[in-house]
Amino acid sequence: MRVNRRAGGVRVSYLDRIDLAKPVRPMTSRKWGALALAMLARCTCPQCGVTYSYCLPTSLGMCVLCAFPDDQKAA
Ligand SMILES: [Zn+2]
């Protein structure tokens, strides 16, 4: 949906008819399996191979202990 700043209105183009749209396909067991593997990969550190109960930060690409090993030694 685009908002026309000059005219101050909202212009909508109805390319798809909502009344003809089909509902979202239900999740199959294969899809659940793929999702579980994806979530498992997000929780597993590629550096040390430890699987955590939370998702690892994608900015680090590894678990916090592998990203900052010096911090653990100091503490
Ligand atoms: Zn790690």
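The legends below describe close-up views of a predicted model.

**Figure 1. Overall arrangement of the protein.** The protein contains two strands and three helices. From the start of the sequence to its end, these elements follow the order β-β-α-α-α. Of the 75 residues in the protein, 3% are buried. Taking contacts between residues at least 6 apart in sequence, 0% link residues at least 24 apart.

**Figure 2. Confidence along the predicted model.** The mean pLDDT of the protein is 85, and 87% of the residues reach 70 or more. Confidence is highest in helix α1, with a mean of 93. Strand β1, residues 2–4, has the lowest confidence, with a mean of 64. Where pLDDT is low, the predicted coordinates should not be read in detail.

**Figure 3. Helix α1, residues 29–43.** This helix has 15 residues, and its end C-alpha atoms lie 21 Å apart. That separation agrees with the expected span, because 1.5 Å a residue also gives 21 Å for a helix of 15 residues. Helix α1 is hardly covered: zero of its 15 residues are buried. In an α-helix there are 3.6 residues a turn, so residues three or four places apart point the same way.

**Figure 4. Ala41 in helix α1.** Ala41 is part of helix α1. The residue has 12 C-beta neighbours inside 10 Å. Ala41 therefore counts as exposed, since the cut-off for that class is 12 or fewer. Thr51 is 10 residues away from Ala41 along the chain, and the C-alpha atoms of the two residues are separated by 8.4 Å.

**Figure 5. Tyr54 in the loop between α1 and α2.** Tyr54 lies in the loop that runs between helix α1 and helix α2, the latter comprising residues 64–67. Within 10 Å of Tyr54 there are 8 other C-beta atoms, so the residue is exposed. Met39 and Tyr54 are 15 residues apart along the chain. The distance between the C-alpha atoms of Met39 and Tyr54 is 9.3 Å.

Definitions and conventions: Residues numbered from 1 in each chain as written. Predicted model: local features only at pLDDT ≥ 70, side-chain atom pairs only at ≥ 80, totals over all residues. Helix = DSSP H or I, 4+ residues; strand = E, 2+ residues; numbered from the N terminus. Buried ≥ 20, exposed ≤ 12 C-beta atoms within 10 Å, placed from the backbone. Contact = placed C-beta atoms within 7 Å. Expected span 1.5 Å × (residues − 1). pLDDT = per-residue confidence, 0-100.
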